[in-house]
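Subject: Handing over a structure

Hello,

I am passing a structure on to you, with a few notes to help you find your way around. Please open it first and then read on.

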Amino acid sequence: FNFYDSRKLYDAGASIAQLKVWKGSESSVPVGVSRDFIVTFPKGQYDHLNAAVHTNAGLIAPVKAGQQVGSVTVTLDGKQIAEAPLYTLKAVPEGGIFTRMFDSIRLWFHKQ
């Protein structure tokens, strides 16, 4: 244990990133981890840790709170040392008819 350190990188329920929501009452939803994300690594290597968020390109409403939408990975010298799933932190209901219609058209062009 003398050769390793542990640090909390992200708090449970804290927003790590925002994810685009199509056809929703809101245009984005915050995502985060469901439990405190603690990483153990060799002493003196904290500055060399790299965290990367991997998420879906976007979600289509309705979005449920607690829906898994990606992951966060931590690497050290190119090797993955930790990974945790990302969840939506709140629900996003469908938007109004004009929002859904407008986003449907935008999605059609977005995919091509």
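Please keep in mind that this is a predicted model.

Let me start with the salt bridges, of which the structure holds five. Side chains of opposite charge can pair when their charged atoms come close.

Three residues are worth viewing together: Lys8, Asp11 and Asp36 are linked in a network of salt bridges. Within this network, Lys8 meets Asp11 at 2.8 Å, N to O, while the closest N and O atoms of Lys8 and Asp36 are 3.8 Å apart. The pair of Asp36 and Lys8 links distant parts of the chain, 28 residues apart: Lys8 belongs to strand β1 (residues 4-10), and Asp36 lies in the loop between β3 (28-32) and β4 (37-42). Lys8 is partly exposed, at 46% relative accessibility. Asp11 is partly exposed too, at 39%, and Asp36 has a value of 39%.

Another salt bridge joins Lys90 and Glu26, with 2.8 Å between the closest N and O atoms. This pair also links distant parts of the chain, 64 residues apart: Lys90 is in the loop between β8 (79-88) and α1, and Glu26 is in the loop between β2 (17-22) and β3. Lys90 counts as partly exposed at 32%, as does Glu26 at 33%.

Finally, have a look at the surface. Ile97, Phe98 and Met101 form a nonpolar patch there, with about 360 Å² of accessible area together. Ile97 sits in helix α1 (residues 97-110) and is exposed, because its relative accessible area of 53% is over the 50% cut-off.

Enjoy exploring, and best wishes!

How values were computed: Residues are numbered from 1 along each chain as its sequence is written. This is a predicted model: local features need pLDDT of at least 70, side-chain atom pairs count only at pLDDT 80 or more; totals for chains, interfaces and linings use all residues. Side-chain values use heavy atoms; hydrogens and water are left out. Patches are made of residues with over 30% relative accessible area and no salt bridge: like charges are joined within 9 Å, nonpolar side chains (Val, Leu, Ile, Met, Phe, Trp, Tyr) within 5 Å. Accessible areas come from the Shrake-Rupley method with a 1.4 Å probe; for residues, only the protein chains shown count as cover. A salt bridge is a side-chain nitrogen of Lys or Arg within 4 Å of a carboxyl oxygen of Asp or Glu. Helices (H or I, at least four residues) and strands (E, at least two) are DSSP runs, numbered from the N terminus. Buried means under 20% relative accessible area, exposed over 50%, partly exposed in between (1.4 Å probe, protein chains only).
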